Structures are given as structure tokens and as C-alpha cells.
Amino acid sequence: FWEKPKLRPLGAALANPRMPFYLLAYGLSISMIALSVTDPLTRTIAISAAAGVYLLSTYLSRHPIWLYPSLLTVHLALLSFFTIEPSGKPESYISLPFLGLTWVIALIGYAVSLRSPGPRETVEDKYIFKIGRWGLNLRRIPSARYLFTFSWAQPLFLFVGLDILLWGGIALFNPDTAIIVCVGYTLLLALFAMHWRDCPLAYGTLMGMLLAVCLRLLGASLDFPIIMAWIGGIGLGIYFIGLLVEQTVKATKPKPSHLDVWPEPLRNFSVLLSTLAVLGTLPFAISYTTACAAALAFAGALYLAFAYRDRRYWLGYLGTGMLLLAWVMVLVMQDVRQPQLYAIPFGLYLAGIGYLCLLYTS
């Protein structure tokens, strides 16, 4: 699947009479880094100079292979810069400047992808990964094409992906940096998801958003069932946001919109969060009755909305059952002696909703 770089121009350059001078410069760049490794200031200057040499080589050779050592030395130079005068803060704070560097590299990669011909979509069988009866053609995913097809933008986007994994993981060790870095990378993924209309990046954006919310809830020292109830409410809110986005996309038709990548991921993600909330709170139904009832109510309202909108009537039974179960749990928790006073209005409410739905569908 990985498209190998074409190294013929690089091989032809070895026969150039200027190449011995280039090789000498590369050897000296490596040696000056090795000799200055003990002093932070000298090491930073040496690595920065090496980065300049590799960037100049990229310009002279007109070959994107030189972007790999260039980007690596830029990262090492920035990392070495913060060792000159240590601030005394936890090591996870180093992820904050690299968040800015990742944004800069991503925007440069975006600009490069606009100026250079992008990777083309293909449907060749050798690019399809099959697991059983399921097949996945990564060439149909824009982000995968940029990551796995050799081009000028490939090194930049590869380093963006590695930065997100590496520095995002380091930031998670400190709650002060975790939310900032998570939100920063989530916004970056959302930007490229809309630009490329990339559905996997949209799901990655939603996962980053969920991670940031969970980190905030954990920082508030909430118990697990309460956190899951909050997640259920967030799932219901995401569904209504998806409806709003879908209506906005329909209003712009037939003109294409960058928002058309969001309705399906938002809808599927809302179902996932609501289901997880119910499964996460049911084992604590006795000790955390309110949280369990809230999760059931959120999921029931979501399934009723699905049943009404998509004409999936069996979901209406499931949603109504969840709402009734949540209602019963609240009555039990409040030690209500005469539940019929509450059940009769609720039954009339459901009958009214059913009558309105019957009028709408007839």
C-alpha cells in the first residue's frame, strides 16, 4: 500500500561534481551536533544550523525526501531550546510549544498540497485491505492518500500525525496541559476534516472532543456513573447539533458545503455515547439511581427522535421503554406513595405524542 519514493533524481545527483561538497557539509552537520551535545545552547545552535542545511538541500535538490531530516532537526532544535533555561515546570508542558509547531507544519502542508498535485484516488485491488467479507480502500480516504502517497505534502502530514500521537500522549500526564493540547489538536482535525470532507477525521475530531470533556469531568472529581450520565446528555446534544448541521447543508444545496461531512458522524456518535452511558450506569442503578435514570432518559429521548425522524418504529418502543424505566426509578427514589398521580399525566402525554405522530404520518 505504501507508495515508495522515486529516488532516481537523488541517484542522478550523486554523479554531480558538487556532491562531494554537499556530502562534506552533511557530515560536518552531524559531527557538530555530536560534539555539542553536552552544552544546551551550543547544541541548539548546531541543530538549528543542521536544519538550515537540510532545508537548503530540499530547495537545491527539488526533492521532498530532504523534508524528513529537515523536520526532524526542527523538532530537535525546538526541544533543545527549552533545555537552555529549564522553567522547572513538569515535563508535560513541553507539549504546548509543540502544539503550535504542529499547527504551523499542518498549515504549511496544506499550502504545499494546494500548490503541488495531490495524490489521485485509485480503485486498484492491491490497495484494498480485506478482513473477511469487509473491505477497506484507504485510497478513498483523503487523509490516507496524503499519508501513504509520496508527494511534497507527505512528510509534513506524517510529522503532523506523529506529533499528535506523541505530544498528545505526553500532555495526558498533566491535567493542566491535557485539555489545552486535546482541544488544539481537535480543532486541527476538524479543520482538515471539513476541507478534505474526510469522514474518519470527523470521527477523530469527535473522539478528541469526547476526550477533552472526559478530562474536564475527571478534573471535577465526579464519580464514574455521574460522568457517564453527563456523556449521555452530551450524546443527545450532539444528535440535535447534527440535525442543525444537516438542515444547514440542505439549505445550501445544490452548492457543495464543507459541513456535509458532519451529519453522519454526529448521528452515529450520538448513538454510541448514549448507549455507552446506559451500559455504564446500569450496574450502579441502586447506588446512583439519579445518574442511571438520567442516562436512560437521554437515551430514550434520542431513540424516540430516531424513530420519529427515520421511521424506525421499533426504536420508538425501545425509547418509550427507557423513558418509562427512568420515570419509575425516579418515583422509587423519591419514595412516592401514590405513583398513579404521576403515571396518569405521563400516559396522557405519551398518548398525545402518539396521536400527533399518527396525524403526521397519515
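This tour visits two pairs of helices in turn, with a suggestion at each stop of what to select. Keep in mind throughout that the structure on screen is a predicted model.

**First stop: helix 8 and helix 9**

Begin by selecting residues 175-196, which form helix 8, together with residues 199-219, which form helix 9. The axes of these two helices come within 8 Å and cross at roughly 160 degrees; because angles over 145 degrees count as roughly antiparallel, helix 8 is roughly antiparallel to helix 9. If you turn the view until one helix lies in front of the other, the crossing to look for is a left-handed one.

Next, show the side chains where the pair meets: on helix 8 these residues include A178, I179, C182, F192 and W196, while on helix 9 they include L201, G204, M209, L215 and R216. Coloured by class, the contact of helix 8 with helix 9 has 15 nonpolar, four polar and one charged residues.

**Second stop: helix 11 and helix 12**

Now move along the chain and select residues 263-281 for helix 11 and residues 289-310 for helix 12, whose axes come within 9 Å and cross at roughly 150 degrees. That angle makes helix 11 roughly antiparallel to helix 12, and the crossing of this pair is left-handed.

To see the contact itself, display R267, S270, V271, S274, T275, A277, V278 and T281 in helix 11, and then add their counterparts in helix 12, among them C292, L296, L302, Y303 and F306. The residues of the contact of helix 11 with helix 12 comprise 11 nonpolar, four polar and one charged.

Methods: Residues numbered from 1 in each chain as written. Predicted model: local features only at pLDDT ≥ 70, side-chain atom pairs only at ≥ 80, totals over all residues. Heavy atoms only, no water. Axes fitted to C-alpha atoms, helices over the stretch in contact; angles between N-to-C directions. Helix = DSSP H or I, 4+ residues; strand = E, 2+ residues; numbered from the N terminus. Parallel < 35°, antiparallel > 145°, perpendicular 65-115°, else oblique. Left-handed = near helix turned anticlockwise from the far one by under 90°. Contact = heavy atoms within 4.5 Å. Nonpolar A, V, L, I, M, F, W, Y, C, P; charged D, E, K, R; others polar.
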